[in-house]
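Colleague: Could we walk through this structure together? I would like to begin with one of the helices and then move on to the annotated positions.

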Amino acid sequence: MYMKQLVLEDGTVFVGKGFGSDRESFGEIVFNTGMTGYQEVISDPSYCGQMVTFTYPLVGNYGINRDDFETVDPAILGVVVKEHCKHPSNFRNEETLDEFLKAKRIPGISGVDTRKLTKIIRKHGTMKAMITSTDRPVEQLVDFMRNTPLATDQVKQVSTVKPYVVPGRGYRIVLIDYGMKHGILREFTKRSCHVTVVPYNTSAEEIERLRPDGIMLSNGPGDPKDVPEAIQTVRKLMGHVPIFGICLGHQLIALASGADTVKMKFGHRGGNQPVKDLRTNSTAITSQNHGYAVDRDSLESTQLSLTQISLNDGTVEGLEHQSVNVFSVQYHPESSPGPEDTSSLFDEFLTRITESHKEAKEALHV
Ligand SMILES: NC(=O)CC[C@H](N)C(=O)O
């Protein structure tokens, strides 16, 4: 065991014990409020460019298993915990969190007062941070952080480079991969869909040549405004076949429709986020991971209707287009990790496809 430090941009220092990789790391620090699901969080590509602190104090107690990955190669920059478990106990356990983080070159730091750290992030907003060995002078690190901008090319870093197919006998779905969680793919294969996963920068023409029944816009890391080419493509695709957007995909639909997005102070991350559906007056507990949100006021001048809101802060959680078959949610209906209250949204998407086929047929007979 060796000492490490977590240094925040404002000069706050937490000294802790090193685990995982001994690599130095620089990125944005965010907190996740889930009580379980650290494996899915660590492997969620939307954390590209970020390090995560868990508000739940014990992490690693059920180890790492082969089933719960959201991507093969995690892009997270660091893991900050109060206590990490060295001797996991679970029938699915295959390796310890420490072994996994070492293998994937992800630095970890334990022994941190994560309650204090979270309070600082809540008060000041998400910040730049570094995980490093203790022998580097803090002033030098703070100086480096102040003068170094955060990355803006995360979608490019995590999107697939080439298209690939996951075959099925049902509807043909084109899934645009901005940093897709495998959970989304699992929801479509469960429903027998034929899924073609394409890179984030695939043109609208290429996507239409695949003759999809529906188009899925995935989650992904970073600021949605960092991928202007994706916004253009979504705009071109709207109005043809049904489109469903999740998280970054939802934000891209908003921008393509003329709404705006804003950076939140500290975001929503965790499997315990309440969302109210304004159409049914019902509440779902959702899984979330986002630091940007669609600006509620900007919806007025668009054709988007607000369908769902966060019960924590009233921010936009769901949208529906008034004239074309497009809908989206800011949260994760694929859960992974978190509650499965909203997985029926994938069924709603397939129902929309069935209905759009019926309408097209009827139009032919008129
Ligand atoms: N999980 C996501 O798709 C996150 C979307 C976006 N990167 C945000 O932080 O708001």
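Colleague: Which elements are included in what covers the buried residues of α6?

Modeller: Happy to help: this is a predicted model, in which local features need pLDDT of at least 70, side-chain atom pairs count only at pLDDT 80 or more, and totals for chains, interfaces and linings use all residues. Residues are numbered from 1 along each chain as its sequence is written. In helix α6 (residues 182-190; helices are DSSP runs of H or I with at least four residues, strands are E runs of at least two, and both are numbered from the N terminus), the buried residues are G183, I184, L185, E187 and F188, where buried means 20 or more other C-beta atoms within 10 Å, exposed 12 or fewer, and partly exposed in between, with C-beta atoms placed from the backbone. Their cover includes β10 (164-166), β11 (172-177), β12 (194-199), β13, β14 and α10.

Colleague: How wide is the arc that holds the buried residues of α8, seen down its axis?

Modeller: In general, an α-helix has 3.6 residues a turn, so residues three or four places apart point the same way. In α8 (residues 228-237) the buried ones are A230, T233, V234 and L237. They line one face of the helix because their directions, taken from the helix axis to the C-beta atoms, fall within an arc of 100°.

Colleague: Against which elements do those buried residues of α8 pack?

Modeller: Packing here rests on contact, that is, C-beta atoms placed from the backbone and lying within 7 Å of each other. The partners of the buried residues of α8 are two helices and two strands by name: α7 (204-209), β13 (214-217), β14 and α9.

Colleague: Which residue with a positive phi follows α8, and which follows α6?

Modeller: After α8 comes a residue with phi near 105°, G239. After α6 the phi is near 60°, and that residue is S192.

Colleague: What is the distance that no two C-alpha atoms of the annotated active site exceed?

Modeller: The "active site" annotation comes from an unreviewed UniProt entry and covers C247, H332 and E334; its positions follow the numbering used here, feature names are shortened, and annotations may be inferred rather than shown by experiment. These residues span 88 residues in sequence, yet they gather at one spot, because no two of their C-alpha atoms are more than 11.2 Å apart.

Colleague: Is C247 buried or exposed?

Modeller: C247 sits in the loop between β14 (243-246) and α9 (248-256). Leaving aside neighbours within four places in sequence, its contacts are S46, N219, H290, Q330 and H332. With 29 other C-beta atoms within 10 Å, C247 is buried.

Colleague: And E334: which residues is it in contact with, leaving aside its neighbours within four places in sequence?

Modeller: E334 also has a loop position, between β19 (326-329) and α10 (344-365). It counts as buried because it has 26 C-beta neighbours inside 10 Å. Its contacts beyond four places in sequence are K181, G183, I184 and E187.

Colleague: How many charged residues are there in the shell around the ligand?

Modeller: The residues around the ligand, with a C-beta atom placed from the backbone and within 6 Å of it, are S46, N219, G220, P221, G222, C247, L248, N289, H290, G291 and Y292. Strand β16 (residues 282-294) gives the largest share, four residues. For classes, Ala, Val, Leu, Ile, Met, Phe, Trp, Tyr, Cys and Pro count as nonpolar, Asp, Glu, Lys and Arg as charged, and the others, Gly among them, as polar. The shell then has four nonpolar residues, seven polar ones, and as for charged residues, none.

Colleague: Which element gives the most to the side of domain 1 that touches domain 2?

Modeller: The bounds, from an automatic or database domain assignment, are 3-150 for domain 1 and 155-365 for domain 2. Across the boundary, 23 residues of domain 1 are in contact with 23 residues of domain 2. On the domain 1 side, β3 (25-32), α1 (38-42) and α3 (114-124) give two or more residues. The one that gives the most, with three residues, is β3.

Colleague: How far apart in space are T152 and P221, C-alpha to C-alpha?

Modeller: T152 lies in the loop between α4 (138-147) and α5 (154-158), and it is partly exposed, with 13 other C-beta atoms within 10 Å. Beyond four places in sequence, T152 is in contact with G222 and D226. From T152 to P221, 69 residues apart in sequence, the C-alpha separation is 9.4 Å.
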